Amino acid sequence: MIEFLQHTGVRIEEMLEASHHSLIQYRLPMTGEVVLILQIAHSKTDQERVLLVSPELADVLSTIITRIRDPRTGAAPQVAAYDYNERVWNPPMPLLFQYDRSGEISAMNGDFLRKCLNDVLDATGLTDADGCPLDFDPHDFRRIFITDAIRSGLPPHIAQVIAGHADINTTMGYNAIYPAEAIEAHRAFIARRRSQRPSEEYRTPPRRNGTLSSGTSNAANSRSVSAPAPSEPRVSMNTPASLNYRLVPAE
């Protein structure tokens, strides 16, 4: 369950409805390569969506299917599951998350999996920064998936489609951003932008009195830094000289 949620970012009700029939082979139109995709049944947004199966997720799915297959026939047993949102019984399907309950093959439910998750956490003895036992909910892995995807370079609007959100603001609300990360990402953006522009578009401030002239009006620096003459516009090291900005002479 943990690996499945971590590599898909789906909601727990979507995970519980995933079946052997949800795995589909898809041929890429440009290259002809065949890839495996996972079809996610509609839930909140009432829209089905598909996820590309990564090698890590493929390993997880293979383990799950091997576990639930009937050793005699090799087929995945078909079980009926109760839909708590629609309040109906779904038709029997080869669900991925099923188990042998005292000799009867039954579908797992959310409460059962939440209890299993917390039992595992209790057994590990792991605690948070305050020393309190960890308390995870299956939805936490959805937040982890979205944060990891966006930090790894996936565009937010693509993460929105994968997560099945109707509003991109919901997706960004799941994305945890830390101050240090924002600073490093901004520095990397500036470096990439400078590397893609012609070097002659960037001017180096002239040296005067052994220091770089910045044209600042800071009183603490006014004695050691000479301001440029009114006829000399100030140009930032990160500003392309070809851009026609309205330049104000230093006072």
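Here is a short walk through this predicted model, one selection at a time.

**The whole chain**

Start with everything shown as a cartoon. You should be able to pick out eight helices and nine strands in the protein chain. Now switch on the surface: the accessible area comes to about 16,800 Å², and 53% of that belongs to carbon and sulfur atoms. Of the 251 residues in the chain, 28% are buried. If you count contacts with a separation of 6 or more, 46% of them involve residues 24 or more positions apart.

**Strands S2 and S3**

Next, select residues 34–40, which is strand S2, and residues 49–52, which is S3. The two pair in the antiparallel sense, with four bridges between them. To see one of these bridges, click on Gln39 and look across to its partner in S3, Val50.

Stay on S3 and turn on the side chains. Which residues sit on the covered face and which on the uncovered one? Arg49 and Leu51 belong to the covered face, while Val50 and Leu52 belong to the uncovered one. That fits the usual rule, since side chains in a regular strand alternate between the two faces of the sheet.

**Helix H6**

Keep S3 displayed and add helix H6, residues 156–163. Here Ala159, Gln160 and Ala163 are buried. They cover an arc of only 105° around the axis, so they end up on the same side of H6. What do they pack against? Bring up helix H5 (140–151) and helix H7 (168–174): the buried residues of H6 pack against both of these and against S3. Step just past the end of H6 and you land on Gly164, which has a positive phi, near 80°.

While H5 and H7 are on screen, select Arg142 and Tyr174. The charged end of Arg142 sits over the Tyr174 ring, 5.8 Å from the ring centre.

**Trp89**

Jump to strand S5, residues 88–89, where you'll find Trp89. Is this tryptophan buried or exposed? Trp89 is exposed, with a relative accessible area of 61%. Show what is around it, skipping the neighbours within four places in sequence, and you'll see Trp89 in contact with Ala80, Ala81 and Tyr82.

**The S6–S7 hairpin**

Now select strand S6 (residues 98–101) and strand S7 (104–107). The two run antiparallel and are joined by four bridges; one of the pairs to click on is Gln98 with Ala107 in S7. Together S6 and S7 make a hairpin with two residues between them.

Zoom in on the turn and pick Ser102. Its phi is positive, about 55°, although Ser102 is not a glycine. Ser102 is also exposed, at 79% relative accessible area.

**Last stop: a stacked pair**

The model has four aromatic pairs. One of them is Tyr99 with Phe112, a stacked pair with 4.8 Å from centre to centre and 15° between the planes. Add helix H4 (residues 110–124) to your selection, and you'll see why the pair is a nice thing to end on: Tyr99 lies in S6 and Phe112 in H4, so the pair ties together parts that are 13 residues apart in sequence. Colour the two by accessibility and both come out as partly exposed, Tyr99 at 21% and Phe112 at 29%.

Note on methods: Residues are numbered from 1 along each chain as its sequence is written. This is a predicted model: local features need pLDDT of at least 70, side-chain atom pairs count only at pLDDT 80 or more; totals for chains, interfaces and linings use all residues. Side-chain values use heavy atoms; hydrogens and water are left out. Buried means under 20% relative accessible area, exposed over 50%, partly exposed in between (1.4 Å probe, protein chains only). Two strands pair if DSSP finds at least two bridges between them. Contact means heavy atoms within 4.5 Å. Accessible areas come from the Shrake-Rupley method with a 1.4 Å probe; for residues, only the protein chains shown count as cover. Rings of Phe, Tyr and Trp (its six-membered ring) pair if their centres lie within 6.5 Å; planes under 30 degrees apart count as stacked, over 60 as edge-to-face and the rest as tilted. A charge sits over a ring if NZ of Lys or CZ of Arg is within 6 Å of the ring centre and within 35 degrees of the ring normal. The arc is that of the directions from the helix axis to the C-beta atoms.
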